[in-house]
Amino acid sequence: MKLPILTAVLLGLVLTPALGENTQKMEVSKKVSITGGYQLMTINKYWLVASIEQRTHQGSWKTLWNYDTGFMATRVLPEKACYISIMNRTEMPSFDALPQLAAESRNQNRPRPPAKEILFTLIKRNVRDLESYGPDTFSMCRGLTTYVAYEVHGPQFSLGSCIRLDVLQYLALTYCHNNNYA
């Protein structure tokens with residue numbers, strides 16, 4: 001009876017460090033300095049979620065990209081609001097390319113304009129069931145007014161004021177109020 005117990009204990013001691021290393025590799029964080037602050041990107045490889053947060057003296061924002069569900073959520077603190085939209089996977093960087101993208105942004109000597117821009121219009125429709133978008137989105141947007149954002153293409157003449165979020169000097173997310181916005 002002592003031999004199986006001893007074997008289990010020894011096996012546990014051997015496997016614990018290996019399993020711990022595997023768990024540590026599941027989440028990666030990269031910090032990128034920008035003018036007046038920084039952006040912090042965290043990647044969770046297990047859940048296929050990327051979080052990019054900017055903190056500057058001008059304000060802060062955070063965007064979650066869920067590559068598993070295909071939704072993205074963005075919290076904009078100056079507006080005290082969250083915006084939820086469908087990810088356009090052809091415009092977004094691939095999940096596997098995100099660490100390299102952050103590394104390239106860190107190595108830039110001076111700021112550069114983003115290579116791509118996605119334009120969204122905000123609709124006067126509150127999101128009531130935040131939990132359906134996942135625990136990360138629920139946690140980030142709980143307590144804030146949350147709106148649906150739809151991607152638009154071509155010239156948009158009825159758009160009002162806009163807020164532009166430059167993500168890792170690669171992608172600009174531009175959210176615009178339209179005439180029906182609250």
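User: In this predicted model, which cysteine does a disulfide join to Cys 82?

Analyst: The general criterion is a pair of cysteine sulfur atoms within 2.5 Å. In this structure Cys 82 is joined to Cys 141, with an S to S distance of 2.2 Å, and the pair links distant parts of the chain, since Cys 82 sits in strand 6 and Cys 141 in helix 3, 59 residues apart. The torsion about the S-S bond is -85 degrees, and the link of Cys 82 and Cys 141 is left-handed.

User: Is Cys 82 buried or exposed, and what about Cys 141?

Analyst: Buried means under 20% relative accessible area. Cys 82 has 0% relative accessibility and therefore counts as buried, and Cys 141 is likewise buried at 0%.

User: How many disulfides does the rule give?

Analyst: The count comes to two, and one of them joins Cys 162 to Cys 176 at an S to S distance of 2.0 Å. Because Cys 162 lies in strand 9 and Cys 176 in strand 10, this pair ties together parts that are 14 residues apart in sequence. Its torsion is about 105 degrees, so the disulfide of Cys 162 and Cys 176 is right-handed. Cys 162 is partly exposed at 44%, whereas Cys 176 is buried at 0%.

User: What is the volume of the second largest pocket, and which residues lie closest to its centre?

Analyst: Rolling a probe the size of a water molecule over the atoms shows where empty space is left. Here the second largest pocket has a volume of about 200 Å³, and of its 15 lining residues the closest to the centre are Val 49, Asn 66, Gly 134, Pro 135 and Asp 136. The lining divides into nine nonpolar, four polar and two charged residues.

How values were computed:
Residues numbered from 1 in each chain as written. Predicted model: local features only at pLDDT ≥ 70, side-chain atom pairs only at ≥ 80, totals over all residues. Heavy atoms only, no water. 1 Å grid on protein atoms, 1.4 Å probe; cavity = no way out; pocket = protein on both sides within 12 Å on 5 of 7 lines; lining within 4 Å. Points joined across faces, edges and corners; volume = space filled by probe spheres on them. Nonpolar A, V, L, I, M, F, W, Y, C, P; charged D, E, K, R; others polar. Helix = DSSP H or I, 4+ residues; strand = E, 2+ residues; numbered from the N terminus. Buried < 20%, exposed > 50% of the residue type's maximum accessible area, 1.4 Å probe, protein only.
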